[in-house]
Amino acid sequence: MIKKSVKIQKKDIPLIDFSKFRGKEVALVGGKIVAEGKTSKEAFENAKKIFPKKLSKEIILLSVPKEEIFVYFIL
Amino acid sequence: MRKYVFPYGFRLSLKEKKIISFPAIAVSLIKKDSKEEFSFLVLIDSGAEVSLFTKSDSQLLGIPLDKGEKIEIGSASGDKFSAFLHPVILKIGDERFKIKVAFSEKDNVPRILGRNPAFSYFFIIFDNKNRNTIFIPRKDKAFEKLIYQ
C-alpha cells in the first residue's frame with residue numbers, strides 16, 4: 001500500500017548551457033537560472049537581490065562542472 | 001510505503017546540441033543550532049564515499065571550515081585536495097538526518113551526495129530508462145521486507 005509518494009515535476013529541471021556556465025555557480029528559482037557567481041555565496045546573494053522575499057531554501061544552488069569527469073574517493 | 005521520485009536533476013547542453021542528464025536531487029543543509037535552510041542540487045554518486053560541498057557553501061551556512069576533521073579527497077581525474085567534515089542537518093524530501101558532510105578547501109568542485117552515511121537512510125533505485133531516482137526511506141520497513149523476505 002502506498003502511503004505517500006512525492007514526485008518532483010520535470011518542468012523544474014533546468015537545462016544548462018555547458019559552454020556558457022561551465023565552472024560557475026548558478027542559482028535556480030522555479031527551475032530557471034536567475035543568477036550566477038564565482039561562488040555559491042555570490043550566486044545566492046545575487047539571487048536574493050532579485051528575489052528578496054524568497055526563503056533561502058527556495059533558491060537552489062548548482063555548481064556547473066568544469067569538466068565532464070567528476071568521481072571522488074577518499075585517499 | 002513512503003517514497004520520493006526524483007527525475008534526473010539537471011541537464012547540460014553540450015556541443016552539437018547533445019544533452020546529457022544526471023541523477024541529481026535538491027537537498028537542503030541546515031547548520032547545527034540554526035533554522036535557516038540552504039538548498040543545493042547535488043549529484044547522487046554511489047562511487048563517492050562522502051557527501052561533498054564547496055568552501056563557499058560552508059561560508060553560506062556560517063560554518064568555520066578548518067574547525068572540522070580534515071580529510072584528503074582524490075578524483076578520478078587525478079585531482080587531490082583537502083576537505084573538512086562538519087555535522088549538519090541534511091534534508092531530502094521531508095526526511096531529516098544529522099550527518100557529517102565534507103566541505104572542500106576550494107570552490108570549483110561539484111556537489112555530491114555520497115554513500116556515507118546518507119545512503120544508509122534510504123534504499124535508492126536508479127531507474128535510468130525513465131531518468132528517475134527513487135528514494136525509499138529505510139525507516140519504513142515495508143520495502144526492506146519485500147526485497148529480503
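Asp33(B) is exposed, as just 7 other C-beta atoms lie within 10 Å (exposed is 12 or fewer such atoms within 10 Å, buried is 20 or more, and partly exposed is in between, with C-beta atoms placed from the backbone). This is a predicted model, in which local features need pLDDT of at least 70 and side-chain atom pairs count only at pLDDT 80 or more, while totals for chains, interfaces and linings use all residues. Residues are numbered from 1 along each chain as its sequence is written, with chains lettered from A and ligands numbered from 1 in the order in which they are written.

Asp33(B) is not a glycine, yet has a positive phi of about 65°. It sits in the loop between strand S4 (24-31) and S5 of chain B (strands are DSSP runs of E, at least two residues, and helices are runs of H or I, at least four, numbered from the N terminus). Arg131(B) also has a positive phi, near 55°, and is partly exposed, with 17 other C-beta atoms within 10 Å. Elsewhere in chain B, a cis peptide bond links Asn116(B) to Pro117(B), with omega about -10°.

Over in chain A, four of the five residues of strand S3 (residues 25-29) are buried. S3(A) runs antiparallel to strand S4 (residues 32-37), joined by five bridges (strands pair if DSSP finds at least two bridges between them). The two make a hairpin with two residues in between, and Gly30(A) in the turn has a positive phi of about 60°. Four bridges also tie S3(A) to strand S5 (residues 60-63) of chain A, again antiparallel. Glu25(A) has Gly37(A) as its bridge partner in S4(A) and stands opposite Ser63(A) in S5(A).
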